Amino acid sequence: MPSPSPWYLRSRLKPRQLLLLVTLADEGNIHRAAEVLNMTQPGASKLLKELEDMLGVPLFERLPRGVRPTWYGDVMLRHARTALGSLEQAHEELAALRDGRIGQVAVGAITSPGITLLPRVVAELKAERPDLRIALEIESSDVLLEHLAQGRLDILVARLFAKHDKSQLRYEPLVKEPVCAVARPGHPLCGGQALSLSGVRDATWIVPPAGSVLRHRFELMFQERGLPVPGNLVETAALLFITRMLRDSDMLAVLALDVARYYAAHGVVRILPLEMPCHMDDFGLITRRDRPASPATRVTLQALRRCAADVYGVAVDAE
C-alpha cells in the first residue's frame, strides 16, 4: 500500500502563504504586509485565512492596531523562515554553479576562535578558491545557534550547553578555553611577581554578565579558595568597552586566553601573572543533521579541521 503524501501536498500549501506569514510577523500589520508583497489587503487576508483553515489553528491574534503571532504562529513561523531560507540558499547555490563558482558559506564563531582560527581558515580558502563567498559572524553561542536554526548560518565554531536542543545538531569538539586576568600596560600589578587571588580580590573587576558560565566560574574560583566573591564589579561582554576601560583605569578584567594574547600582542593589555583555575567548556564545530551540506560548506569544514589541527594541536574526524 503506498504511503500517504505529505500534508502540505494534500493541502496544497503555497510558498506565498509562508512568505505572507513571515512578512506579517515582521510588519505586525496586514496592510503593510500586503504592500510589501504587492498584494491587496483583502487578498492577503484571504491567503492567511486559507492557511489557518488548512492548519486548523489561529496563527495570529487580531489586535486593534495590528496582529501578533499566537503560540501556533510562533511554531509555524520558525519552520517557515527555515523553509524560505533553504529555498533562497538553493537558488544562490544553483546560480553559483551555473556561473562556475563553488557558492557561498556563512560561518559563525565565538570570539576566541574568531580571532585565532577563522583568519587562517579564510586565508586558506580564499587562496585555494577565490570564487568562494564567505560570510562571517562573531557572536555568543546562544545567538549563533538561533541563527543556525533559522538557516542564516551553515557552520558554527561555538559551544553547546545543557539547555540547548542537540537532537538535530552535529558537534565535533575542538578544545577547552582557558582564561586569564588582564590589565593595562604599566599597571602596578604587572611587575612580574606571581599574584594570588587574595591579593586581587579587592580590585575593580570587569566581568561577564551575571548568569553566564564564565561569571559563575569566576565567582566559584574565589569561593573554593575560601575567599569572598569580589564585589567591586563592572558587568559587560563588550570587548571594545573592556579594552578602552582598561586603558583609562587600573581595573582588571577576565578574558579568554586567546583573546587576551591577541590584545597583548598589539600592546593593548598585559596578561597578569595570576593563576586562574577556571576555564570555559570546550567549543567545537556545529552543523545541522537535518540539512545536507552544500559543496561550499563541505570545503569549509575540511579547512576548519585542517587549521584546527595546526592551531590547537587536535585532530577532528568527520563523521
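**Notebook: one loop residue, one pocket, one core**

I began with N38, which sits in the loop that runs between α3 (30–36) and α4 (41–55). Since I am working from a predicted model, I treat each value below as computed from that model. The backbone of N38 caught my attention, for its phi is near 60 degrees, a positive value in a residue that is not glycine. I then asked myself whether N38 is buried or exposed. N38 counts as exposed because its relative accessibility is 71%, and the cut-off for that class is over 50%.

Next I looked at A33, a residue of helix α3. A33 has 0% relative accessibility and therefore counts as buried, the limit being under 20%. I took the C-alpha distance from A33 to A44 and noted 8.0 Å for a pair that is 11 residues apart in sequence.

I also checked the record for this part of the chain: UniProt, in an unreviewed entry, places the feature "domain: HTH lysR-type" at residues 13–70. Over residues 13–70 I find 60% helix and 14% strand, with the C-alpha atoms at the two ends 20 Å apart.

I turned to the largest pocket, for which I have a volume of about 910 Å³. Its lining is made of 34 residues, and I wrote down S140, R159, P208, A237 and M280 as those that lie nearest the centre. Several elements give two or more residues to this lining, among them α6 (111–116), β7 (205–207), α10 (213–224), α11 (239–247) and β9 (252–256). How is the lining divided by class? I note 22 nonpolar residues, seven polar ones and five charged ones. As for domains, the lining of the largest pocket takes at least three residues from domain 2 (96–175 + 281–312) and at least three from domain 3 (176–280).

I then looked up S212, in the loop between β7 and α10. S212 has a relative accessible area of 23%, so I class S212 as partly exposed. From S212 to P113 the C-alpha separation is 19 Å, and the two residues are 99 positions apart in sequence.

My next entry concerns the largest nonpolar core, which has 32 residues. Those with the most contacts inside this core are L117, V121, L156, V157, L174, I286 and L304. The elements that each supply at least two of its residues include β3 (104–109), α7 (118–128), β5 (155–158), β11 (279–288) and α13 (295–312). Which element gives the most to this core? I find that α13 does, with eight residues. I set beside this the general point that nonpolar side chains tend to be buried together in soluble globular proteins.

I closed with T300, which is also found in helix α13. With a relative accessible area of 2%, T300 is buried, because the class takes values under 20%. I compared its position with that of L195, which is 105 residues away along the chain, and noted a C-alpha separation of 42 Å.

How values were computed: Residues numbered from 1 in each chain as written. Predicted model: local features only at pLDDT ≥ 70, side-chain atom pairs only at ≥ 80, totals over all residues. Heavy atoms only, no water. 1 Å grid on protein atoms, 1.4 Å probe; cavity = no way out; pocket = protein on both sides within 12 Å on 5 of 7 lines; lining within 4 Å. Points joined across faces, edges and corners; volume = space filled by probe spheres on them. Helix = DSSP H or I, 4+ residues; strand = E, 2+ residues; numbered from the N terminus. Nonpolar A, V, L, I, M, F, W, Y, C, P; charged D, E, K, R; others polar. Domains from an automatic or database assignment. UniProt positions renumbered as here; feature names shortened; annotations may be inferred. Core = buried A, V, L, I, M, F, W, Y, C linked by side-chain atoms within 4.5 Å. Buried < 20%, exposed > 50% of the residue type's maximum accessible area, 1.4 Å probe, protein only.
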